Amino acid sequence: MENNDQESINLIIFAGFETYQPLGNLHLSPNSGKKTYLPEVDESLKPKDKMTFDTVNNAFLFYQKYSMASGFTARKSSQYTHHGVIKSKWFACSKEGTKPMKAIDTSKKIDSSNNGSKRKSVRRVPSIRTGCEARMCVKLMPSNLYKVYSFNEAHNHFFVAEEDRHLLPANRGMNYMQEQAAKALSALNIGHVKAFNIMRTLYGGFDKVGATKNDFKNFKRDLNRYIFEFDADMMIKRLMRKKEYTPNFLVEYITDEGGVLRGLFWADEDAKRNFSVFGDVVSFDATYRRNRYNMMFVPFTGIDNHNRNVTLGAAIIGNETAETYSWLLNVFRQAFGRAPPVIVTDQDPAMKKAIEDTWPESRHRLCMWHIMDKLSAKVGATICNNTDFKKRLCDIVWTDSILHVKFESEWDTIMNDFNLVDHEWLQSLYQIRDTWIPAYYREEVMSGLMRTSSRSESENHFFGQFCNPGCTLVEFLGHFDSAIEAQRHQHRKNDHDTRNTNAEIFDEDFVLEDQASRIFTRTIFFDQQLEIQNGIHKCAIGKWENVADFVNFFVKDWEQPCTTFFEVLMREDDMTVYCTCKRFEQFGLLCSHIFCMLRMLDIREFPQRYILRRWTREAVPNSASGAILGINETDDRYNEVNRVVREITYSTESVINKLVTNFDALCSFRDHVLNYFKTADESVVNAPPKSRRERFAEITGNTKPSDATVRVPIGTRFKGMGQPKRMKSKREIALSQLGKKSRQCQKCFRYGHNRRTCKNPTRTKEQAMAEDDGEEADEVDEEEDEWVEVEEDMGEQDEDALDEEDGEEE
């Protein structure tokens, strides 16, 4: 019987506020008074008796569509199966049945402190079950069709309002486009919560997204769970597919006996091309916590023709032993055909040994900054801050202009002036001076490009903007691809800016300056232009003389008044020039002294033999779009679908941009899209949705099932983590025990033993307290003596700790 009572179907006014309006046609039973609700939906959406479906899944999709239009959630219920064939199936309301509620004793206080207690707080989750009996039942007919034989549309609860239906579980979930967008944003190190906030801003509200923040977080959680099964194997298989479909792509990896990944190296064709031009000086360093397994990321870094970092290869290693580094360097040589002439690292002894064994022809240079940064700690803050010791030492260490003979004499003078001749740490640095002092690298080609590992530090910071320490290996590879794409896009932009901008020429009469502006990149030209201006305005030729086939010019540089003259040798037959400042040998660019000589001789053409390809505008061609990410690495349907989706998205965006100023045309385009939306909704009603695991396989590219052959490491340690069990000094032990009472015997009431091991005569607690009061003064004196001993031992412990730290860093 239908109840038209205004109190139940209209808005209920309570205290002047409008409350939530129950939806549905309310029916009241005349006998029992039981309330039921019928949904108000279009008749075409309602199930009807004897309606047939091809499959059980199609029947559920139809009932689910009906439930979403009504305002409730449908779920699959009981079924009868015979020989693996479903004979009958029930589809019910999500509020079907009841959930037993556990009683909670509120008189007991729940321990929420973090003290190791096993008691946990009870999570009080309310139930949605109301015992609803609404359902649709289907059974298999001889015609192999499923027919509706029972349909109950009456619910014992009202329905969800239109504005809240997006919160129903059936209406919540990430669709294909949202999953792809979350994956793309993840490659830029944007988490799924931020991705949700971006989408709800773009869509125009929380209800327009179709999913909640928790849905995005759960998607990330489930995706990571899927990846954990095959993480290392998926990463290697993806790189192997790139090797198959990308020309000159190289990937090598190594595992231990248990199949755990120990090292992985990869480089593409662009990296090899860059190394052939920019591989004269390379820096590499191991960064920490670029993935959840604590595996070290090792990028090989060079300097491109715009004086910016360029990645020449990348690796992930599981430990920092000399054996692992030797394997890595051997693979690097295999990939590029040769070792770099100069390699810059920090004072890692494992790297040093591996370079000596694997790249004996390379000149190993230690980072000057890491060495000089320890100066105050090793020599002492007093002598470094209160005297000119540090300034005088830096003047001979950081300069490129002095010879090694002068460096050695100045070093001896400084050590004698400050009584540091016998200083062990300084003497150890002096013994290896040829590995870090610039005076010993004056003859090395392009050695002035890198004196420290700051390029690697900068590279680590750059990759840190794209990566996060908690990512999986598969995610890390996506982050790396995004970072490399950004780096090479910046290189392309720098090339474009160089070609399409004209630098200001300061001296029109000196034609070499204009030629240099058309030869070099913009950044390098600015540096070369400064040398040209210094050669014109701040250098002068004092005299010249003939020396065999050369003419020796003596050039005075007013920028360096401490130096008498620089000698510039020139042979005019083949335009061979040489300057004692060795700027060209160290940086590959002519110095101001040579430009001073060229201007005096009125040379009208830039010397071709002194134009290095690495500094020119067209040093390397730009990579093709999409070559880094491997968009066309396979021809499977997943990539084809993504390509079509990108085309649709781009086309739709282009149409909107063109019609945004024409409101009528924009409305017509909207109506066209909405009409096709209805057609698409009808055409896909019978399409079974893919399982979440199938979608994860497509997203990660792991579409071919295979047993994981490479496993991820567990508990990887690196040199920055310290020792698992740190040894404590005597002072630290004394401090930790200060004020701490030991075990008290209940027989003699003394400390340090228990009742079973007591060998003292029995006494009462009052006697013990009286004796303790009399012994307090003696204990204080003994404690002061112990502290004196601890202070003396502390000095020895600290010195030993510093020596051990130096050994680890070197």
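Start with the whole chain on screen: of the 810 residues in the protein, 41% are buried. You're looking at a predicted model, with 26 helices and 20 strands. Take the contacts with a separation of 6 or more, and 63% of them join residues 24 or more positions apart.

**Stop 1: the five-strand sheet**

Select residues 52-53 and 74-82. These are β5 and β6, the edge strands of an open sheet, and each pairs on one side only. Fill in the rest and you get five strands in the order β5-β9-β8-β7-β6, with antiparallel pairing.

Zoom in on the β5 edge. Two bridges join β5 to strand β9 (residues 146-152), in the antiparallel sense. Click F53 and look across to β9, where its bridge partner is Y146.

Now swing over to the β6 edge. β6 and β7 are antiparallel too, paired over seven bridges. One spot to label is A74, which stands opposite C93 in β7. The two strands form a hairpin with two residues between them. Select H83 in that turn, and check its phi: about 55°, so on the positive side.

Next, show helix α2. This helix lies across β5, β6, β7, β8 (135-140) and β9, and runs at about 10° to β7.

**Stop 2: rings between helix and sheet**

Colour Phe, Tyr and Trp. The count of aromatic pairs comes to 36. Pick F60 and F91 from among the rings: their centres are 5.5 Å apart and their planes meet at 40°, so this pair is tilted. F60 sits in helix α2 (residues 56-70) and F91 in strand β7 (residues 85-93), so the pair ties together parts that are 31 residues apart in sequence. Is F60 buried or exposed? With 10% relative accessibility, F60 counts as buried. F91 is buried as well, at 0%.

Then select Y66 and F72. Here the ring centres are 5.9 Å apart and the planes are at 80°, so the pair is edge-to-face. Y66 and F72 are both buried.

**Stop 3: the seven-strand sheet**

Move along to residues 250-255 and 363-366, which are β10 and β16. Both stand at the edges of a sheet with a single partner strand each, so one side of each has no neighbour in the sheet. The sheet is open and has seven strands, ordered β10-β11-β14-β13-β12-β15-β16, with mixed pairing. On average, neighbouring strands here are turned by 20° against each other, direction ignored.

For a parallel pair, select strand β15 (residues 342-345) together with β16: four bridges join them. Look for T345, which stands opposite L366 in β16.

Two helices pack on this sheet. Show helix α7 (residues 269-278), which touches β10, β11 (261-267), β12 (281-284), β13 (296-303) and β14 (309-317), with its direction at about 120° to that of β14. Then add helix α17 (residues 473-499), which touches β11, β13 and β14 and makes about 170° with β14 in direction.

While you're in this region, show the side chains of F265, F275, F284, F300, Y325, F332, F336 and W359. Ring pairs link them into a cluster.

**Stop 4: charges over rings**

Select R363 and Y441. The charged end of R363 sits over the Y441 ring, 4.1 Å from its centre. For another example, go to K543 and F554: the charged end of K543 is over the F554 ring, 4.9 Å from the centre.

**Stop 5: I371 and helix α15**

Finish with I371, in helix α10 (residues 368-372). I371 counts as buried, at 0% relative accessibility. Which residues is I371 in contact with, leaving aside its neighbours within four places in sequence? Select Q347, L366, W425, L429 and W436 to see them. Draw a line from I371 to L429: they are 58 residues apart in sequence, yet 8.5 Å apart in space, C-alpha to C-alpha.

Follow L429 into helix α15 (residues 424-431), where W425, L426, L429 and Y430 are buried. Those four cover an arc of only 140° around the axis, which puts them on the same side of α15. Spin the helix to its other side, and you'll find E424 and Q431 exposed.

Conventions:
Residues are numbered from 1 along each chain as its sequence is written. This is a predicted model: local features need pLDDT of at least 70, side-chain atom pairs count only at pLDDT 80 or more; totals for chains, interfaces and linings use all residues. Side-chain values use heavy atoms; hydrogens and water are left out. Rings of Phe, Tyr and Trp (its six-membered ring) pair if their centres lie within 6.5 Å; planes under 30 degrees apart count as stacked, over 60 as edge-to-face and the rest as tilted. Buried means under 20% relative accessible area, exposed over 50%, partly exposed in between (1.4 Å probe, protein chains only). A charge sits over a ring if NZ of Lys or CZ of Arg is within 6 Å of the ring centre and within 35 degrees of the ring normal. Two strands pair if DSSP finds at least two bridges between them. Contact means heavy atoms within 4.5 Å. Axes are lines fitted to C-alpha atoms, for helices over the stretch in contact, and angles run from 0 to 180 degrees between N-to-C directions. The arc is that of the directions from the helix axis to the C-beta atoms.
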